[in-house]
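Q: Could you take me on a close look at one part of this model? I would like to see how one helix is built, what lies against it and which side chains it shares with its surroundings.

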Amino acid sequence: MTPLHHFGNFVRESVELIPLSWVRIVFVAIPVLILIWVLMLPKSETTPGDEIPGEDRPVRWDENLKIGASLALGFQIIIYTIFA
């Protein structure tokens, strides 16, 4: 066996020691943390800026990227909670 085999066996045995419940918690916690981060972003970072100063244009509901990102992350969290 080569040193790479020994290293691979070491990594495999180390990963097998992690309880499956911890893996599930981390698997769901990552999108939750990203959702919190997205919701805390300032509005200036999630909406387009005014390209032409002084021009009034109607505000569209889908301009704020937080809405789409929150929906997508929410669906992921629900699916991961149910099926993980």
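A: Let's start with the length of helix 2, residues 20–40. Helices here are DSSP runs of H or I with at least four residues, numbered from the N terminus. The expected span is 1.5 Å times one less than the number of residues, so the 21 residues of helix 2 should cover 30 Å, and its end C-alpha atoms, 31 Å apart, agree with that. Please keep in mind that this is a predicted model, in which local features need pLDDT of at least 70, side-chain atom pairs count only at pLDDT 80 or more, and totals for chains, interfaces and linings use all residues. Numbering runs from 1 along each chain as its sequence is written, and side-chain values use heavy atoms, with hydrogens and water left out.

Now for the buried side of helix 2. Its buried residues (under 20% relative accessible area, 1.4 Å probe, protein chains only) are V28, P31, L35 and V38. Helix 4, residues 65–83, is among the elements that cover them. One residue to look at there is I77: leaving aside neighbours within four places in sequence, I77 is in contact (heavy atoms within 4.5 Å) with V28, P31, V32 and L35.

V28, L35 and V38 also join L73 and I77 in the largest nonpolar core, which has 5 residues. Such a core is a set of buried Ala, Val, Leu, Ile, Met, Phe, Trp, Tyr and Cys residues joined through side-chain atoms within 4.5 Å. Helix 2 gives the most to this core, with 3 residues.

Seen from the partner, K66, S70, L73 and I77 are buried in helix 4. Down the axis of helix 4 these residues fall within an arc of 75°, so they line one face; the arc is taken from the directions from the helix axis to the C-beta atoms. On the other side of helix 4, L71, F75, I82 and F83 are exposed, meaning over 50% relative accessible area.

Finally, there is 1 aromatic pair. Rings of Phe, Tyr and Trp (its six-membered ring) pair if their centres lie within 6.5 Å, with planes under 30 degrees apart called stacked, over 60 edge-to-face and the rest tilted. F27 and Y80 form a tilted pair, 4.5 Å centre to centre with 40° between the planes. Because F27 lies in helix 2 and Y80 in helix 4, the pair ties together parts that are 53 residues apart in sequence. F27, at 44% relative accessibility, counts as partly exposed, and so does Y80 at 25%; partly exposed covers the range between buried and exposed.

Methods:
Helix = DSSP H or I, 4+ residues; strand = E, 2+ residues; numbered from the N terminus.
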